[in-house]
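Q: I am new to this structure and would like a close look at a single part of it. Could you choose one helix and walk me through it, its surroundings and what comes after it?

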Amino acid sequence: MALYPRRKSKTVTVGGVVIGGDAPVVVQSMNNTDTRDVEASLRQILLLAEAGCEITRLAIPDLEAADAFAKIRRRSPLPLVADIHFDYQLALAAINAGADKIRINPGNIGGRERVRQVADAARKAGIPIRVGVNSGSLKQSLIDAHGGVNAAAMTASALDSAALLERFDFDQIIISIKASDPALTIEAYRLLAQKTQYPLHLGVTEAGTIREGVIRSAVGIGALLAEGIGDTLRVSLTADPVEEIHAAYAILKSLGLRRRGPELISCPTCGRTAVDLQTIAEAVEAKLKLIRHPIRVAVMGCAVNGPGEARHADIGIAGGKGEFLIFRKGEILRKVPQEQAVKALMDEIEQLCASLG
Ligand code: SF4
């Protein structure tokens, strides 16, 4: 694999999940439920966990949300991060409520003394703090000093925040430095990666709807991961957060950094295609979401490249005229009419998964 070696980073632990060092890149999301709605928040956490989410974050806009957070924490299968803006009292309440990590921007939490109180409480609770810098909320003094909203200003903001926590004897720090522009995000993380050993949380902020957002995140996050930068990530999408998890694993799997669930390869179709491949590939993709085994599945339009590609897959189908050949580990198993192709393929996949245990 032609990736750069992983950047050396310190490790921190979030509710038993290690971030940094040699630990696998951790997949995170953020609930979009109202935190005060305990049952709805837990339902979403369970769906996220099922999809492979390893840590999720909840917004704490007020004390009522902090109270609800305590109830959610007691029943959550995932470590939970409390997301705090502006009010240090909410950070203290979230730590008391059992947060496994808090995310703050020390620049907007209200002065050194308040940051000290939050750092003290987090240290006593044994939890890390994520310093979340966002290109949209940089201090004017930093923008002026660095000549605009750029990688240098964002990096300076992150390092200032980390230094402030260090002054209060706190070093269980994770840093994120997100922009909505993938190119700026890449530049900022590159610069930051040279200047600190704290683990880095990757993301392209306000990335967009599923289609645009996945592409922007895959470019920004993918480029950094390929350079060995990044210890945990969140793909931000204007969508069901479960989609963020599918996208995160797709990025990690495409770089060979994590394996989870099946990988589907399908051909783009061309003038040789004599089956309704798009419908079949989409149906297979939907059904594969329920499979946990890391198998490779090929859905090919024809037998020109089809069987060749399908041979590299654990299971594959290659189209003919209104029918498909089914392959398993390079062996042709049988021919089925296209109406039966999805079911026949899924039957084979289930058998294979059962044999894998
Ligand atoms: S696998 Fe066959 S149908 Fe698909 S793009 Fe290649 S040649 Fe065309």
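A: Let's begin with two terms. Helices (H or I, at least four residues) and strands (E, at least two) are DSSP runs, numbered from the N terminus. The expected span of a helix is 1.5 Å times one less than its number of residues. Residues are numbered from 1 along each chain, following its sequence as written. Please keep in mind that this is a predicted model: local features need pLDDT of at least 70, side-chain atom pairs count only at pLDDT 80 or more, and totals for chains, interfaces and linings use all residues.

Our part is helix 9. This helix has 14 residues and reaches 20 Å from its first C-alpha to its last, close to the 20 Å expected at 1.5 Å a residue. Now to its buried residues. A residue is buried if 20 or more other C-beta atoms, placed from the backbone, lie within 10 Å of its own, exposed if 12 or fewer, and partly exposed in between. By that count, helix 9 has Pro-241, Glu-244, Ile-245, Ala-247, Ala-248, Tyr-249, Ile-251 and Leu-252 buried.

What lies over them? The cover includes strand 3, helix 1, helix 8 (210-226) and strand 10 (232-234), and it rests on contacts, meaning that the C-beta atoms of two residues, placed from the backbone, lie within 7 Å.

Helix 1 deserves a visit of its own. At 1.5 Å a residue, its 14 residues (38-51) should span 20 Å, and its end C-alpha atoms are indeed 20 Å apart, so the two values agree. Ser-41, Gln-44, Ile-45, Leu-48 and Ala-51 are the buried residues in helix 1. They cover an arc of only 120 degrees around the axis, so they sit on the same side of helix 1; the arc is that of the directions from the helix axis to the C-beta atoms. Helix 9 (241-254) returns the favour here: the cover of helix 1's buried residues includes it, along with strand 3 (26-30), strand 4 (55-59) and helix 2 (63-75). Just after helix 1 comes Gly-52, with a positive phi of about 110 degrees.

Strands 3 and 10, met above, belong to a sheet. Two strands pair if DSSP finds at least two bridges between them. Eight strands make up this open sheet, in the order 8-7-6-5-4-3-10-9, with parallel pairing. Strand 8 (173-178) and strand 9 (201-202) are at the edges with a single partner strand each, so one side of each has no neighbour in the sheet. Within the sheet, strand 4 runs parallel to strand 5 (residues 80-83) and is joined to it by four bridges; in strand 5, Asp-83 is the bridge partner of Ala-59.

Now let's follow the chain out of helix 9. Gly-256 follows the helix and has a positive phi, near 70 degrees. Further along, Pro-262 is in the loop between helix 9 and strand 11. Pro-262 counts as buried because it has 24 C-beta neighbours inside 10 Å. Looking back to the helix, Ala-250 is twelve residues from Pro-262 in sequence and 10.0 Å away in space, C-alpha to C-alpha. Setting aside neighbours within four places in sequence, Pro-262 is in contact with Leu-288, Ile-291, His-293, Pro-294, Ile-295 and Val-297.

After that loop comes strand 11 (residues 263-266), which pairs with strand 12 (residues 296-300) in the parallel sense over four bridges. One of the pairs is Ser-266 with Val-299 of strand 12. Between these strands the chain passes through helix 10 (residues 277-288), and this β-α-β crossover is left-handed; it would be right-handed if, with the strands pointing away from the viewer, the path from the first strand over the helix to the second ran clockwise. In the loop between strand 11 and helix 10 you will find Thr-269, which has a positive phi of about 70 degrees although it is not a glycine. Thr-269 is partly exposed, since 16 other C-beta atoms lie within 10 Å.

Strands 11 and 12 are part of an open sheet of five strands, ordered 11-12-13-14-15 with mixed pairing. At its edges, strand 11 and strand 15 (331-337) each pair on one side only.
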